[in-house]
Amino acid sequence: MKKLVIHGGRRLSGEVTIGGAKNSTVALIPAAILAETPVKFDSVPDILDVYNLQAILNSMNVTSTFRGGELMIDPTNIVESELPSTAIKSLRASYYFMGSLLGRFGRATVTFPGGDNIGPRPIDQHIKGFEALGATVHEENDTVYINAENGLKAARIFLDVVSVGATMNIIMAAVHAEGTTVLENAAREPEIIDLATFLNNMGAQIRGAGTDVIRITGVKKLESKNTHTIIPDRIEAGTYLALAAAQGDGVLVKNVIPEHLESFTAKLLEMGVDLEVREDSIYVPKSVNLQPIHIKTAPFPGFATDLQQPVTPLLTLANGTSVIQETIYPERTRHIPELQKLGVDISNDVYGQINVTQSSNFHGARVSAAEIRAGASLVATGLMADGITEVINAEHVLRGYDHIVHKLTMLNADIQIEEE
């Protein structure tokens, strides 16, 4: 077990470069097994999820090498095998192997995935999509068995709720299905466009990614002919933007796509953060006289649920009480008692509303990161606090943030990883 040890109170300044999107990467790696040639990715974040996914690939005789942000995957000798339950249970995104294995072999057996505990995240919409494409699905002893004995056939599928995971899984299953699948009420996140771009560059026929209607015409084979560069991580970018506004004396956040962050940056501007938005970077000056805001999380292009926790430390500096309505995962509140240990005036109610009141004189404490984004909020608050903060269960933070200790150190933070 690892912990992050933070000596707080130091002002931040300088530049930070955002890595590739975690939420793209964890879908693109399973999607690579749909190819009949080796695949190469660039701008891959150095996070624990990548190594866990490599372990899963290795169990199927799929070789991979990862260094310097480049990931090579060779699925040409892939074999069907039982996937390692330890790696599967360590990250929820392993459920993307359901769609990719179904698309590749017409069947899949996957242990029910684990990952962050942020409340119920059922896979009923994934199963609905697989069944519409002609597969039979049943669950037994925490294992999902999917089989399309007669081959996958195109279908018209309407998702009952907007789901990023189901949208991506159905795309992967449908790329080899006979005919044109129409997926309605699809999620619109940039990571879905990234997945579709990768598959289309290998010969897939996917249209409408980024809208709520996606059409997938099945093809016989996929072949990689160039390197796919993963889009920048908008959640990592938002985390550093919020931290820079809270504790910075001038920070330039580089390698961003500003259009992916508009709902977030609009809220920072509303607070009074004088952002300078450039073509592929955003400059955050020292921020003063901040005003409270109201945030309501929503599917893209709304305010991302993954950013409600990282923005919380910044809200403590506003002159009044800010309100967050968490509509995606109402149980995403495990950071609240930990932030209270650091001196944050924060509370929540049973309806998913979180109140953050102006606070000061934060003090170091020993706190626990229950999941990725909760951990990010604790790290940010620890950097703002007087004294030493220890964030235990730091693996959660390292799962989602590329080279976080190095990047924060280059911004003048005093932070180290230590064994617990």
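This report walks through two sheets, several helices and a few individual residues of a predicted model.

## The sheet around β1

Let's start with the sheet that holds strand β1. Four strands, in the order β21-β22-β1-β23, make up an open sheet with mixed pairing. The edge positions go to β21 (366-368) and β23 (414-419); each has a single partner strand, so one side of each is left without a neighbour in the sheet. On average, neighbouring strands here are turned by 25° against each other, direction ignored.

Strands of a sheet pair through backbone hydrogen bonds, either parallel or antiparallel. In this case β1 (residues 2-7) and β23 run antiparallel, joined by 6 bridges. If you want a spot to look at, try Lys3, whose bridge partner in β23 is Glu418. Then there's helix α12 (residues 372-384), which lies across β1, β21, β22 (388-392) and β23. The helix α12 runs at about 30° to β1.

## The sheet around β14

Another open sheet of 4 strands has the order β2-β14-β16-β15, and its pairing is mixed. Here β2 (12-17) and β15 (276-277) sit at the edges with a single partner strand each, so one side of each is left without a neighbour in the sheet.

Inside this sheet, β14 (residues 248-254) is linked to β16 (residues 281-284) by 4 bridges, and the two run antiparallel. Leu252 is a handy marker, since its bridge partner in β16 is Tyr283. Helix α8 (residues 234-247) packs on the sheet and touches β2, β14 and β16. The direction of α8 makes about 165° with that of β14.

## Helix α7 and its partner α1

Helix α7 covers residues 190-201, 12 residues in total. From first C-alpha to last, α7 reaches 17 Å, close to the 16 Å expected at 1.5 Å a residue. Quite a list of its residues is buried: Pro190, Glu191, Ile192, Asp194, Leu195, Ala196, Phe198 and Leu199. Just past the end of α7, Gly203 takes a positive phi of about 115°.

How do α7 and α1 pack, in angle and axis distance? Helix α1 (residues 22-31) packs against α7 at an angle of about 30°, and the axes are 9 Å apart. Angles under 35 degrees count as roughly parallel, and α1 and α7 are therefore roughly parallel to each other. The crossing of α1 past α7 is right-handed. On the α1 side, the contact is made by Asn23, Ser24, Ala27, Leu28 and Ala31. On the α7 side, Glu191, Asp194, Leu195, Phe198 and Leu199 do the job. Those five α7 residues also appear among the buried ones.

## Two residues worth a click

Is Gln125 buried or exposed? This residue belongs to helix α5 (residues 124-132). With a relative accessible area of 4%, Gln125 counts as buried, because the cut-off for buried is under 20%. Leaving out residues up to four places away in sequence, Gln125 touches Leu159, Asp160, Val161, Ala166 and Ile170.

Ile56 is the other one to check, and it lies in helix α2 (residues 48-59). Its relative accessible area is 0%, so Ile56 is buried too. Ile56 and Pro30 are 26 residues apart in sequence, and their C-alpha atoms are 9.1 Å apart in space.

Conventions
Residues numbered from 1 in each chain as written. Predicted model: local features only at pLDDT ≥ 70, side-chain atom pairs only at ≥ 80, totals over all residues. Heavy atoms only, no water. Expected span 1.5 Å × (residues − 1). Buried < 20%, exposed > 50% of the residue type's maximum accessible area, 1.4 Å probe, protein only. Pairing = 2+ DSSP bridges. Axes fitted to C-alpha atoms, helices over the stretch in contact; angles between N-to-C directions. Contact = heavy atoms within 4.5 Å. Parallel < 35°, antiparallel > 145°, perpendicular 65-115°, else oblique. Left-handed = near helix turned anticlockwise from the far one by under 90°.
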